[in-house]
Amino acid sequence: MPTIGMIGVGNMGSAIAKAILKAGYSMILHNRTQEKLAVLAEQVGADVVGSESLDELINESDIIFIGVKPNQFGTIFEQLDDLVIESKPKTWVSMAAGLSITQLETFTPASHKWIRTMPNTPVEIGEGYIAYCTSENTDVEKITLFEKSLQYAGIVEAIPESLFNAVTGLAGSSPAFIYQLIEAMSDVGVEHGLSREQSRKMASQAVKGASSMVIETGMHPGELKDRVTSPNGTTIAGVVALEHAGFKSAINKGVTAAINKSIQMSKK
């Protein structure tokens, strides 16, 4: 069974690690904060190595995830420099926003390959979306291993790198927007007499159910909306009120702002 390495295990890294281990792969983990890493490793059953043992992680791993912030890549690969040069060619996986394949390739010898990803937080419960693109001539077996290792994280899909800023704004950032929607709907329920728990449950289930309807039926969201809006009924009254309040426009502005921020980050 192949082994997956991970250097830097923050919140997203932890979620990805749990999905990989659920898929049956062994993992070797390294993190600057060993206490936090030890807790995770105990929870999921992964091996942990210290800084002095990074050669084991690099040599034994078939692919290696890098779970640090974009501005930390330089420091990490300065520490890994000799180990990377001396190792056989590896496939590295970046989870950092804003770093292109071209930029990532500057951290490793030309014989090494990169998979750039953009995951979102619902990978933690197996309902995430992970877009990825790769270096030229990346080994097909390594790409297949990458996809299979994340089969319990959610949807894993190859996307042209030219679309990654859009992916970052829509798939990466949008869970926060949905949380805002659920919070706002819950507040209204409380205002009208429901308990906070009841309101949150109803709003959350409405979002989950509606999303599942779109995915499972393949119908256009507008068509599904029309099926709910009876003439002169409560739903059409709410839909009209939202349109007058600029609901779609607000969503457009939020997603566009996230995309534009991703574009700015990618230029640094």
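Which residues does Thr-168 touch, not counting residues up to four places away in sequence? I looked this up first and found Met-118, Ser-173 and Ser-262. I note at the outset that the model is predicted.

**Entry: Thr-168 and helix H7**

I placed Thr-168 in helix H7, which spans residues 164-172. I then asked whether Thr-168 is buried or exposed. Its relative accessible area is 10%, so I recorded Thr-168 as buried, the cut-off being under 20%. The side chain of Thr-168 also reaches back to the backbone oxygen of Phe-164, at 2.8 Å.

**Entry: the sheet as a whole**

I traced an open sheet of eight strands with mixed pairing, in the order E3-E2-E1-E4-E5-E6-E7-E8. Its edges are strand E3 (47-48) and strand E8 (154-158), each of which pairs on one side only. I kept in mind that strands of a sheet pair through backbone hydrogen bonds, either parallel or antiparallel.

**Entry: strand pairs, from E2 to E6**

I followed the pairing strand by strand.

- E1 and E2 run parallel and are joined by five bridges. Within this pair, Ile-7 has His-30 of E2 as its bridge partner.
- E1 and E4 pair in the parallel sense over four bridges. Here the bridge partner of Ile-7 is Ile-66 in E4.
- E4 and E5 are parallel as well, with four bridges between them. I found Ile-64 opposite Trp-92 in E5.
- E5 (residues 91-94) and E6 (residues 113-119) run parallel and are joined by four bridges. Val-93 stands opposite Ile-115 in E6.

Ile-7 therefore appears twice in my list, with His-30 in E2 and with Ile-66 in E4 as bridge partners.

**Entry: burial in E2 and E4**

How many of the five residues of strand E2 are buried? I recorded four of the five, and E2 (residues 26-30) is mostly covered. In E4, Ile-63 and Phe-65 point one way, while Ile-64 and Ile-66 point the other way. All of these E4 residues are buried.

**Entry: helices on the sheet**

I next looked at what lies against the strands. Helix H4 (residues 73-86) lies across strand E1 (3-7), strand E4 (63-66), E5 and E6. H4 runs at about 170° to E5. H7, the helix that holds Thr-168, packs on the sheet as well and touches E6 and E7. The direction of H7 makes about 35° with that of E6.

**Entry: helix H8**

I examined helix H8 (residues 174-191), which has 18 residues. From first C-alpha to last, H8 reaches 26 Å, close to the 26 Å expected at 1.5 Å a residue. Which residues of H8 are buried? I listed Ser-174, Pro-175, Ile-182, Ser-186 and Gly-189. They cover an arc of only 120° around the axis, and therefore sit on the same side of H8. As background, an α-helix has 3.6 residues a turn, so residues three or four places apart point the same way. On the other side of H8, I found Gln-180, Glu-183 and Glu-191 exposed. The buried residues of H8 pack against H7 and helix H9 (196-217). After H8 comes Gly-193, whose phi is positive, near 105°.

**Entry: positive phi outside glycine**

Most residues other than glycine have a negative phi, so I looked for exceptions. Asn-137 has a phi near 65°. Asn-137 sits in the loop between strand E7 (128-134) and helix H6 (140-149), and is exposed, with a relative accessible area of 69%. Asn-232 has a positive phi of about 60° although it is not a glycine. I located Asn-232 in the loop between helix H10 (221-228) and helix H11 (234-244). Is Asn-232 buried or exposed? Its relative accessible area is 81%, so I recorded Asn-232 as exposed, the cut-off being over 50%.

**Entry: the chain overall**

I closed with totals for the chain. The protein chain contains twelve helices and eight strands. Its C-alpha atoms fill a box of roughly 70 × 40 × 30 Å along the principal axes. Of its 268 residues, buried residues make up 38%. Among contacts with a separation of 6 or more, 60% are between residues 24 or more positions apart.

Conventions:
Residues numbered from 1 in each chain as written. Predicted model: local features only at pLDDT ≥ 70, side-chain atom pairs only at ≥ 80, totals over all residues. Heavy atoms only, no water. Helix = DSSP H or I, 4+ residues; strand = E, 2+ residues; numbered from the N terminus. Buried < 20%, exposed > 50% of the residue type's maximum accessible area, 1.4 Å probe, protein only. Polar contact = N/O pair within 3.5 Å; in protein donor to acceptor, adjacent residues only side chain to side chain. Contact = heavy atoms within 4.5 Å. Expected span 1.5 Å × (residues − 1). Arc of directions from axis to C-beta. Pairing = 2+ DSSP bridges. Axes fitted to C-alpha atoms, helices over the stretch in contact; angles between N-to-C directions.
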